[in-house]
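Look at the structure below with the sequence beside it. This report goes through one residue, one helix and one sheet in turn.

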Amino acid sequence: MTDLFIDHKGAVHELPGFYEDFEQRFQLVHRSRSGSEAVLVIQEPAGWNKISFLLERDPEAHGVDSEESSKETPLSYDGYSGRDFIEAIRLSEGPGAIILLQQGIVVNGVFLIEYEGRLDFTKYNRTRRRVSCGLIRNSLKRDVLARWDTKLNLFGQYDLDNKPMDGAAGKQYQLPLSGQALSERFYSNSKAGRKIEQAFLGDTNGHVWIQFDTSEPEVSDIADLATGKTLGLSESEGPVHYKEWLFKFRSGGKRKVSISLSYRFWASVKKRTISVGKALVTGWDLQTVLVLKKANGTEQRFNVLPTAAEGIFATPANKKYGQADVSKTVTGTFTQELDTAAGDELYLFGLWRMRHNKNELQQTQVQVTVLQCLIDISGITSNKSTSAPAITPETAFQVGIQMLTGLEDRFRSNFYGLAGERYAQDGCGSLAMLSSGKLIRGIPYDERSIAISIRDLTNSFKAIHNIGMEFGYAPDAQGNIVDVVHVEPAEAFYRNVELLRIEDVADYSEEMNPDQLFSRLEVGYEKSITEGQRGREEMHAKMEASTPLKAQAASYERRSMIVASGLALELTRREQFSDKPKDSTDYDENIFVIQSKRIESYSGGVRFKPLIFQIVEVDQAIPWLVPGMIITFPESVLNSGQFTVTAVSDPLKSPWTFNVDRIIKPETLPNAQIISENVPMQPETGLDFAAVAGSATASGAYNLRHTPGRMLFRHRKIWGCCLDSQPATAQVIKTVVPVGGERLSTRLPSTDACDEMVGGSLVEAAPIDADVVQVSNPHFAPYTIRFSTRLSRSAVQRLRVAMQGRLAMETDEQGQPIDRNRGYITFPDESGNLVEGWISKLEWGPFREKAVFEIQKKPLALDSSSNCAQFLGITVEQAESLPDDLRRKLELCRFIDVDDPL
């Protein structure tokens, strides 16, 4: 006879006899701080035959959170079961000492471990002859949660216990940041009637400059866009010569300038009391001028208003003019589109010039009264590309966990793993790169450049990606099974495969879970731009929605502390182009997520122009090409080898050029590649989507994959449990939508394997139909079921390891391999109808066959062909004769027209 035995790692062993026939063994294993192990074989601890364990799923993290012994049945250790061993280690290392209790059987001289747990010294108690303490399944969980809220400097070289380690700085990528297009606007409408008067003594130099009032703009969102000047007069050499610019642009683009201006100019010239000759004004003119002074030294000059003139300045000249007093009102409008670049300066001024006989003037009295001064400048702008150090989510978790625990390589995730030795392909979340405000604006990195707690990191990605987490086990690089933190999308912990079917249950009860009856939903980001003109363009803020449920007030809230705002990122990035960059910005300490993609080589025309600077010209801007990047030209004959990019031109320039560090030779390649040799990825933008509509700047925007609308849809299988009994025509209404996303619609390519919309379009502000959520099959229904049943030792062990994802592959009825890890169980209700559900809690003991379950009910799986209308008007008698699957569909649809629900 044989028996099956499942060890604590999930491996299945065929025993050459019954389980009870083999020697039971208990042993204590001490793992020291240095990594060495000491093993002591002991007698069975007192209380083992009565001990009870509770295996529990975390309702927020979705994975198995803990398996602990109950407080009522702690194990006791005497002199025969390791008391002195335990005490010596506890006194030496304190309550953080790692001592494992292993229980199993000996088969042919091999110790097969059935249970392994860590002694829990928080439940420690000592008497004269014994020590007692509890057991916990996973020691890593306690070590992580003990410092869960500690902010970690991920580029640091030491863990929290001051042990040296390799921080994230050694695992960073230099991420190219192309200049995102931003809509910029300055709008000022000065109050009518503002007046300024000033007397200029002595011999004037023949001109007076007028500075118009822009001190109280209604819109001015970029710091260096406007200086905010007040109404003023000057007889200096003028604003252009003295750098008295009104605007200095950090970015380039086409800007529309609209000006409506009306002002009254008055001047009076007074001659000296004693003078050689008489004061004589032979002419004057009054100009209102807009000057664009280009960064390359050239100028463009525009007359905003028609020039007023008298005397020798008039056309035709009036030689007889000689009045000392001047009064003139000028009015008009001006509109011009300007092609601007970063570093360009814009000047707006009035200039009054007069011709007079010198050395005869005592003073010139000038007064200006503004009747209207409206200045409106707007446009879509961009700036040259830069780069910033960034790390992957996998690196952030790996380094963070090592900093907390001192343990290396304790994070596992197919979702966040990059293709390489461990993972076959890039996970769908692996390229959500992380950087900080400091790094993005070009400040050299140090140990404090990127800092975040594991709590904030986890909760942020829980909001963005709807992930789940469990503390489990996995092999390390040497094949040893070690404790790990396992993170995957929530649906990975609710696999739609039957794990176990139970025939008989006792003590059955089912109750509604009011905490899952969500009437309000909120997703999005804790920090974003919400005020001013920029706030009207922000897409990555908070979104709120209302479900059809009105009776309950439960809320489903998921908000990210990590920033996804492309606006905030670009404004922070552009700070480095300011003449006087700020010492700090609002986003310096914030972590940014930048959804990226693998870089594809450029293909197109390439022209080598070895002038004073080594210039390469291409047909269009290459977003990922940034200074410091190493590139090659595979098709080039005359310019082979590697080149380092030293500078790039403005992205709006056409043709686009960049400079390289080595001497090049003249060569024209009509169709050639440019390949990056040292930077593997670049940000994903709207240009990578199949369709983007509803925003003037969305085509080049970052993180469109992580808008609140997509986040809400990504979470539908969790909050959708509240819609299990709603009509298919019911809707989830979005009540608060980021203003910048109110008209946004996006669609990923049909080939995108990570698209939760499966090639469909997502309209950010559109309601979500209940049937769309129901057809996507939410993970659970809002019902909690409890029952007990008799299960064999091997059945309980199989459930335990399967809930932790460690069950070996099995075969189905057709002999095909099947993975039943994290599957559901099937069991009968009190009427004998089969019900499916996920294990929330499992209470078990090694010496009892009774297992107590708490189950999260699994909703009936619907598909797009499900038609609830087929049950409209059905009677109770007709419903009772339906097969089980249709009766369950009927219950879900709730269209039955009888008082007694089935």
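Ala647 is in contact with Pro627, Phe658 and Asn659, when its neighbours within four places in sequence are left aside. The model in which these contacts appear is predicted. Ala647 belongs to strand S40, which covers residues 642-648. The relative accessibility of Ala647 is 28%, so this residue counts as partly exposed; to be buried, a residue must be under 20%. Val626 lies 21 residues from Ala647 along the chain, and their C-alpha atoms are 7.2 Å apart.

Next comes a sheet. How many strands form the open sheet, and in what order? There are three, in the order S26-S30-S29, and their pairing is mixed. S26 and S29 stand at the edges with a single partner strand each, so one side of each has no neighbour in the sheet. S29 and S30 run antiparallel and are joined by nine bridges. Within this pair, Pro475 has Ile481 of S30 as its bridge partner.

The residue ranges of the strands in this sheet are as follows.

| Strand | Residues |
|---|---|
| S26 | 411-412 |
| S29 | 467-475 |
| S30 | 481-489 |

Two of these strands also have a part in covering a helix. Helix H2 spans residues 139-146, and Ser139, Leu140, Lys141 and Val144 are buried in this helix. The elements that cover the buried residues of H2 include S29 and S30. Also among them are strand S6 (64-69), strand S9 (110-126) and helix H3 (393-405).

Note on methods
Residues are numbered from 1 along each chain as its sequence is written. This is a predicted model: local features need pLDDT of at least 70, side-chain atom pairs count only at pLDDT 80 or more; totals for chains, interfaces and linings use all residues. Side-chain values use heavy atoms; hydrogens and water are left out. Two strands pair if DSSP finds at least two bridges between them. Helices (H or I, at least four residues) and strands (E, at least two) are DSSP runs, numbered from the N terminus. Buried means under 20% relative accessible area, exposed over 50%, partly exposed in between (1.4 Å probe, protein chains only). Contact means heavy atoms within 4.5 Å.
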